[in-house]
Amino acid sequence: MSRANNGQWRNWAGNQSATPSRVVAPASVAELAEVVGAAARAGEQVKPIGSGHSFTGIGLTDGVQLSMARLAGLRALDSETGLVTVQAGMPLHRLNELLADAGLAMSNLGDIDRQTVAGALATGTHGTGRHLGGLATQVRALELVLADGSVVQCAPDRDGELFSAARVGLGALGVVSAVTLATEPAFALHAAERPMPLARVLGELDELVAVNEHFEFYWFPHTDRTLTKRNNRLAPGQAPQPLGRRRAFVEDDVIGNGAFRLTCELGRAVPAAVPRINRFAARFMGDREYSDASHRVFCSPRRVRFVEMEYAVPRDAVQEAMAGVRRATELPGMKVSFPIEVRFAAPDDIPLSTASGRESAYLAVHMFSGQAFQRYFDEVEAVLGGLDGRPHWGKMHSCDAATLRTRYPRFDEFLAVRKRVDPTGVFRNDYLDRVLGD
């Protein structure tokens with residue numbers, strides 16, 4: 001994220017901006033509570049902001065913007081129980097390093113680690129894994145500052161309704177100030193990245209998801225090629241074999257980011273060349289094996305700027321979803337440089353989680369920064385929405401409350417909690433007005 005001299009804030013992708021009336025960076029929960037309470041009494045809206053990795057306007061405000069950068073420390077770590085409590089502004093990459101130093105790890109992670117803990121939870125950040133849910137399923141307790149400035153603790157046995165909703169709370173219920181997470185002893189993953197024809201991936205998809213702890217694939221539009229990623233735990237006592245520093249730099253930084261950026265820039269300049277560029281890129285991405293600490297395998301550097309939309313569809317609809325996305329990429333004039341990412345997650349019990357109550361497949365579409373994306377996203381959204389798809393809260397979509405109520409059986413349960421803890425809309429903004437109702 002960035003902030004201009006005129007006070008305008010912009011997100012990482014550069015597609016969202018806001019000019020808050022003032023910016024406050026509280027250094028304690030007491031100070032945070034005082035700021036929220038005073039703003040509420042003055043009739044101001046309040047929104048916390050993290051690292052700015054959302055593509056939607058979920059964190060925008062023209063009221064009081066709360067920077068959580070000074071509330072980013074460790075509160076408690078119990079190596080025996082694995083319970084770790086951190087302040088909400090801690091970035092995930094720092095959390096991962098802190099856990100590794102203590103011999104602990106998160107059970108599952110997404111592929112980007114720049115978000116803050118609270119921001120990742122609020123938007124429903126997830127990874128991939130046949131028996132694993134998103135980051136919010138690893139939460140065991142929350143501390144929030146409510147609209148009246150009160151500080152509350154919630155857990156399954158302490159205001160369970162608030163806890164259930166606030167695990168994926170969209171920033172609509174209060175300002176999360178601390179999070180208690182369930183971790184486990186540190187483990188290593190064996191990563192196998194292999195090219196495969198798309199037809200074979202789709203034909204063997206059930207088996208690929210079933211036999212791997214974490215499976216995902218990237219399809220290169222306008223080609224029949226994919227890159228598959230299979231991450232599985234090393235057996236106890238088996239020594240990791242990480243990539244050497246030089247090889248990691250060449251493959252992840254030089255090729256995975258630098259060369260990929262050049263292919264995207266070329267495709268933006270010469271759209272007609274995109275199919276040939278994608279066929280070329282697909283030959284040089286992946287085809288390697290290594291093993292390393294889990295967080296180093298789950299997460300990878302992302303230095304190429306883009307905008308993104310992602311939908312979760314029922315697991316058994318993934319074949320139809322892929323067919324529809326392929327049709328969208330082949331429409332006249334449609335040229336797509338970025339691969340389509342497909343991941344999988346177990347069902348959970350969180351009201352506004354995209355995997356609430358069902359096994360899910362996630363399809364993410366991207367467009368390189370500066371390229372026209374709206375037609376492509378609209379076409380894909382029509383396909384995935386028609387399959388009862390649920391949009392990622394932090395990624396671009398056009399759904400409103402009326403539509404989302406039909407896709408989330410517990411939608412009104414969330415609204416009831418919101419009405420109880422923020423009856424005057426201290427934490428509302430335009431995005432929340434659209435997706436939750438005014």
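**View A. An arginine over a tyrosine ring.** In this predicted model, arginine 390 lies over the face of tyrosine 408. The distance to the ring centre is 4.8 Å.

**View B. Another arginine, this time with a tryptophan.** Here the charged end of arginine 326 sits over the ring of tryptophan 219. It is 5.9 Å from the centre of that ring. Keep an eye on tryptophan 219, since it is one of the residues that point out from strand E15 in the next view.

**View C. Strand E15, residue by residue.** Is this strand buried or exposed? Strand E15 covers residues 214-219, and 6 of its 6 residues are buried, so the rest of the structure largely encloses it. Follow the side chains and you'll see them split: His214, Glu216 and Tyr218 point one way, while Phe215, Phe217 and Trp219 point the other way.

**View D. The partners of E15.** Strand E16 (residues 225-233) pairs with E15 in the antiparallel sense, over 6 bridges. Look for tyrosine 218, which stands opposite leucine 227 in E16. E15 and E16 make a hairpin, with 5 residues between them. In the turn you'll meet histidine 222, which has a positive phi of about 70°. E15 also pairs with strand E19 (residues 340-345): the two run antiparallel and are joined by 3 bridges. For a landmark here, find phenylalanine 217, which stands opposite valine 342 in E19.

**View E. Tryptophan 12 meets phenylalanine 306.** The model has 10 aromatic pairs. In the one shown here, the rings of tryptophan 12 and phenylalanine 306 have centres 5.2 Å apart and planes at 70°, so this pair counts as edge-to-face. Where do the two residues come from? Tryptophan 12 is in the loop between strand E2 (9-10) and strand E3 (17-18), and phenylalanine 306 belongs to strand E18 (residues 306-314), so the contact ties together parts that are 294 residues apart in sequence. Both tryptophan 12 and phenylalanine 306 are buried.

**View F. A tilted pair of sequence neighbours, 376 and 377.** Tyrosine 376 and phenylalanine 377 form a tilted aromatic pair, with 5.8 Å from centre to centre and 50° between the planes. Tyrosine 376 has a relative accessible area of 1%, so it's buried. Phenylalanine 377 comes in at 2% relative accessibility, which makes it buried as well.

**View G. A cluster of rings.** Which residues do ring pairs link into a cluster? They are Trp12, Phe55, Phe260, Phe306 and Phe338. You've already met Trp12 and Phe306 as an edge-to-face pair.

How values were computed: Residues are numbered from 1 along each chain as its sequence is written. This is a predicted model: local features need pLDDT of at least 70, side-chain atom pairs count only at pLDDT 80 or more; totals for chains, interfaces and linings use all residues. Side-chain values use heavy atoms; hydrogens and water are left out. Buried means under 20% relative accessible area, exposed over 50%, partly exposed in between (1.4 Å probe, protein chains only). Helices (H or I, at least four residues) and strands (E, at least two) are DSSP runs, numbered from the N terminus. Two strands pair if DSSP finds at least two bridges between them. Rings of Phe, Tyr and Trp (its six-membered ring) pair if their centres lie within 6.5 Å; planes under 30 degrees apart count as stacked, over 60 as edge-to-face and the rest as tilted. A charge sits over a ring if NZ of Lys or CZ of Arg is within 6 Å of the ring centre and within 35 degrees of the ring normal.
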